[in-house]
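Thanks, everyone. I will take salt bridges first and the sheet second. Please look at the model on the screen.

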Amino acid sequence: GPTHQPVEHLMALRAVPNVHVVRPGDANETVEAWRHALARRHGPTVIVLSRQKLATFDRSQCGAAGGLLRGAYVLAEAAGALKAIVIATGSELELAMKARDVLQKDGIGTRVVSMPCWEAFAEQDAAYRESVLPAKCTARVSIEAGATLGWPKWVGLKGASLGIDRYGASAPAETIFEKLGFTVANVVAT
């Protein structure tokens, strides 16, 4: 990519009318992203893949990847009372799941929502959107390796977004993610 690191590309693509931007978080979601793209007849679909090696989630232990077709879905439900929601896309989905593990051990019931396609989620009826992001849970954090512009729509006024609101930097993925705050400890603290 460009040497200045294209942190604005996801938001720029999301600003284009009638485009669905899909950022799958594992191989299963990538299959569903292709299904989504092939089924759409009223506009283009952009599938944004990662260069990083991604874990493939055991779908017997979490939400079915077919939820991608609705734009967002519950990947992992809170054990106990729902107190926090971590929303992620793409390669940051694994980070969200690791942060959830820590939060759950600390007694904070945490749901992880995979939100690979904002546009498809926005097209869902209010009841479905509420089932994924219940209004009563205002402790929300989004994680995406890009500009945070637009995330307040999903995290709400009391939520927070971990992203990159400056030019990025070049280094191995593990090094750069730590430098930019994409760590389990930072997600948990946020």
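Before the residues, one cut-off: buried means under 20% relative accessible area, exposed means over 50%, and partly exposed is in between. Keep in mind that this is a predicted model.

By that cut-off R59 is buried, because its relative accessible area is 18%. Its salt-bridge partner is D26, with the closest N and O atoms 2.9 Å apart. These two residues link distant parts of the chain, 33 residues apart. D26 lies in the loop between β1 (20-22) and α2 (27-39), while R59 lies in the loop between β2 (45-47) and β3 (73-76). D26 is buried as well, at a relative accessible area of 1%.

How many salt bridges does a search of the whole structure find? The count is seven. I will go through two others.

R14 forms a salt bridge with E144, and here the closest N and O atoms are 2.8 Å apart. Again distant parts of the chain are linked: R14 sits in helix α1 (residues 9-14), and E144 in the loop between β6 (140-143) and α6 (152-155), 130 residues apart. Is R14 buried or exposed? R14 is buried, with a relative accessible area of 11%. E144 counts as buried too, at 1% relative accessibility.

Next is R111 with E77, a salt bridge whose closest N and O atoms are 2.8 Å apart. R111 belongs to strand β5 (residues 110-114), whereas E77 is in the loop between β3 and β4 (84-88), and the two are 34 residues apart. R111 counts as buried at 8% relative accessibility. E77 counts as partly exposed, because its relative accessibility is 39%, and that value falls between 20% and 50%.

R111 brings us to β5, and so to the sheet. In what order do the five strands of the open sheet run? The order is β3-β5-β4-β6-β7, and the pairing is mixed. β3 and β7 (160-162) are the edge strands, each pairing on one side only. On average, neighbouring strands are turned by 30° against each other, direction ignored.

Within the sheet, β4 and β5 pair in the parallel sense over five bridges. One pairing to find on the screen is A88, whose bridge partner in β5 is S114. Helix α3 (residues 92-105) packs on this sheet and touches β3, β4, β5 and β6. The direction of α3 makes about 170° with that of β5.

That is the end of my part.

Notes. Residues are numbered from 1 along each chain as its sequence is written. This is a predicted model: local features need pLDDT of at least 70, side-chain atom pairs count only at pLDDT 80 or more; totals for chains, interfaces and linings use all residues. Side-chain values use heavy atoms; hydrogens and water are left out. A salt bridge is a side-chain nitrogen of Lys or Arg within 4 Å of a carboxyl oxygen of Asp or Glu. Helices (H or I, at least four residues) and strands (E, at least two) are DSSP runs, numbered from the N terminus. Buried means under 20% relative accessible area, exposed over 50%, partly exposed in between (1.4 Å probe, protein chains only). Two strands pair if DSSP finds at least two bridges between them. Axes are lines fitted to C-alpha atoms, for helices over the stretch in contact, and angles run from 0 to 180 degrees between N-to-C directions. Contact means heavy atoms within 4.5 Å.
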